[in-house]
Amino acid sequence: MIADVVVDLQYGDCGKGKISHALCRMNEYTHVIRYNGGCNAGHTIYHKGKKFVTHHVPCGVFFGIKSIIGPGCVVHVDTLLEEIETLEENGIPARKLLKIASNAHLITDFHRIEDKKDKTIGTTKRGNGPAYRDKYARKGVRALEDPRLQPYIISMYHELYENPEFKKIEILFEGAQGFGLDPDWGDYPYVTSSHCTVGSALLNGVPAKCIRDVWGVAKIYETYVGAKDFEGPDEVFSEIRELGEEYGSTTGRPRQINWLDFDMLKMAARINGVDKLVFNKMDILEMVDSWCLYDGPNLYEFKSRDDIEMWLTGKLEMEVNESMEVMFSGDKEYI
Ligand code: IMP
Ligand code: MG
């Protein structure tokens, strides 16, 4: 068994959907597995030039690959069924390819009503927090208990270890949210309720030694949605928000913008053991021609894209992993 893992190194919305989609095109995966979160996630995917936003369904469905919502996830059934319908209407065979681990948990309508009352964290109001709370309080409801999900339910153990259909299993783990939203490593309490690191992928039933590549995904600037103050004072941020379409793909909320925080990126890359790192949205900073980042408390301004690329690559190779492959992308569909 081999597994590649896609993790977000900032606050979500860094382009995990795009990278997962691109990796499916480049590799021979037998499975794509979502390993955390629920429909709080919004993955924007351009497939053959057409825009899709997925909340629950892993991107393997775009390439005929079996796609599993893993046991680390929580599922809102109506949202999921709607998403499957939309994909089907657009010619993507989600009904056939999607599977759900029997031991994933459900987000109930009660969870959503409760989450709608949140004022302090600025959640996505999708019921995510209450669903995970009930799971760990041992009073949750599992996916196998909902009759509407029956056609999709599988045993994760059987699928990965006792399925004669596969001689060799090659998995892409598609993560949700990001390092800065992780309950342990993020800015608690302004975090989500499931873990957002490589460790979280392993909880879905795969041994640690199967991991081949860890793909860290970042943006060349940062964004955050939620209740804390995050946006910096620079006037260019409102321009970046418009050009980069920085509005929540789940809630439509404007994302707060700031320059990249290198210390946090370094910590996220180290803790996740990243060996391939993609900086997305280079095209947006090209348009405003402004290249800055924070190194510790200091804000550095670079003269050009080349300068910031050289600085970041050098620092990451020196301080995180000397054989790290660092990539810079400015395309919606391709790396
Ligand atoms: P929750 O996950 O809905 O409970 O929200 C907790 C925090 O995580 C809030 O600040 C949300 O805006 C943020 N969050 C949750 N999911 C995502 C995501 O997919 N992208 C960006 N932020 C997210
Ligand atoms: Mg998103």
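How many residues surround ligand 1, and which are the closest?

## The shell around ligand 1

In this predicted model, ligand 1 is surrounded by 18 residues. The closest are N40, T124, T192, V225 and R253. By character, the residues of this shell divide into seven nonpolar, nine polar and two charged.

Three of the closest residues place polar atoms beside oxygen atoms of the ligand. An N or O atom in the side chain of T192 is 2.6 Å from an oxygen atom of ligand 1. With V225 the partner is a polar backbone atom, 2.7 Å from an oxygen atom of ligand 1. In R253 a polar side-chain atom lies 2.9 Å from an oxygen atom of the ligand. Taken alone, ligand 1 exposes 470 Å², and the protein buries 97% of that area.

## The magnesium ion

Ligand 2 is a magnesium ion, coordinated by D13 through OD and by G42 through O. The distances run from 2.1 to 2.3 Å. This pair links distant parts of the chain, since D13 and G42 are 29 residues apart. D13 belongs to the loop between β1 and α1, whereas G42 belongs to the loop between β2 and β3.

Are these two residues buried or exposed? A residue counts as buried when its relative accessible area is under 20%. D13 has a relative accessible area of 23%, so D13 is partly exposed. The value for G42 is 13%, and therefore G42 counts as buried.

## Helix α1

Helix α1 spans residues 16–26. Nine of its 11 residues are buried, so the helix is largely enclosed by the rest of the structure. The buried residues are K16, G17, K18, I19, S20, H21, A22, L23 and C24.

What covers these buried residues? The cover includes the strands β1 (2–8), β2 (31–34), β3 (43–47), β10 (170–174), β11 (211–219) and β14 (276–280).

## Residue Q177

Q177 is located in the loop between β10 and α7 (198–202). Its relative accessible area is 8%, so Q177 is buried.

The side chain of Q177 makes a polar contact of 3.1 Å with the side chain of N40, and N40 is one of the closest residues to ligand 1. Leaving aside residues up to four places away in sequence, Q177 touches D8, G12, K16, N36, G37, N40, A41, T192, S194 and C196. Among these contacts, T192 is also one of the closest residues to ligand 1, and K16 is one of the buried residues of α1.

Notes: Residues numbered from 1 in each chain as written. Chains lettered and ligands numbered in written order. Predicted model: local features only at pLDDT ≥ 70, side-chain atom pairs only at ≥ 80, totals over all residues. Heavy atoms only, no water. Near = heavy atom within 4 Å. Polar contact = N/O pair within 3.5 Å; in protein donor to acceptor, adjacent residues only side chain to side chain. Areas by Shrake-Rupley, 256 points an atom, 1.4 Å probe, with all protein chains shown as cover. Nonpolar A, V, L, I, M, F, W, Y, C, P; charged D, E, K, R; others polar. Buried < 20%, exposed > 50% of the residue type's maximum accessible area, 1.4 Å probe, protein only. Helix = DSSP H or I, 4+ residues; strand = E, 2+ residues; numbered from the N terminus. Contact = heavy atoms within 4.5 Å. Donors = N, O, S within 2.8 Å, 3.2 Å for Na, K, Ca; no water.
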